Amino acid sequence: MNNLFMRAYSKWIRDAFYIGQSEIATSLGISIGTYSKMEQGTKIMRDEDFKAIIHFYEMKKGSYSFCFDEKKERKRMD
């Protein structure tokens, strides 16, 4: 998955959920500095890291989910 997308989306969703970097870092078992560097792009965010971040949000709010299938088209709700 595109690293720029993962970084931007991780920051956007963290802001949308009003979650601090420390809460996510703790749940992932990494330091706040490491998580901050991933969001800033000074440390590579691996696909596994992004999936763990998404899982954090899915557990935090049951109605949230993320589709990892990049080929899947969004279905319109008309």
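**From a loop lysine to the core**

Let's start with Lys43, which sits in the loop that runs between H3 and H4. Keep in mind as you look around that this is a predicted model. Is Lys43 buried or exposed? Neither, quite: with a relative accessibility of 37%, Lys43 falls between the 20% and 50% cut-offs, so it counts as partly exposed. Setting aside residues within four places in sequence, Lys43 has Thr34, Lys37 and Met38 as its contacts.

Met38 makes a handy stepping stone, since it also belongs to the place where H3 meets H1. Here H1 (residues 3-17) packs against H3 (residues 32-40) at an angle of about 115°, and their axes are 7 Å apart. On the H1 side you'll find Arg7, Ser10, Lys11 and Arg14, and they meet Tyr35, Met38, Glu39 and Gln40 from H3. Sort the residues of that contact by class and you get 4 charged, 2 polar and 2 nonpolar.

Now for the greasy part. The largest nonpolar core takes in 16 residues, and Tyr9, Ile24, Phe50, Tyr57 and Tyr64 have the most contacts inside it. H1, H2 (21-28), H3 and H4 (47-60) each put in at least two residues. Which helix gives the most to this core? That's H4, with 5 residues.

Tyr64 is a good spot to finish the tour. If you leave out residues up to four places away in sequence, Tyr64 touches Tyr9, Ile13, Phe17, Ile54, Tyr57 and Glu58. Two of those names, Tyr9 and Tyr57, are familiar from the list of residues with the most contacts inside the core.

Key: Residues numbered from 1 in each chain as written. Predicted model: local features only at pLDDT ≥ 70, side-chain atom pairs only at ≥ 80, totals over all residues. Heavy atoms only, no water. Axes fitted to C-alpha atoms, helices over the stretch in contact; angles between N-to-C directions. Helix = DSSP H or I, 4+ residues; strand = E, 2+ residues; numbered from the N terminus. Contact = heavy atoms within 4.5 Å. Nonpolar A, V, L, I, M, F, W, Y, C, P; charged D, E, K, R; others polar. Core = buried A, V, L, I, M, F, W, Y, C linked by side-chain atoms within 4.5 Å. Buried < 20%, exposed > 50% of the residue type's maximum accessible area, 1.4 Å probe, protein only.
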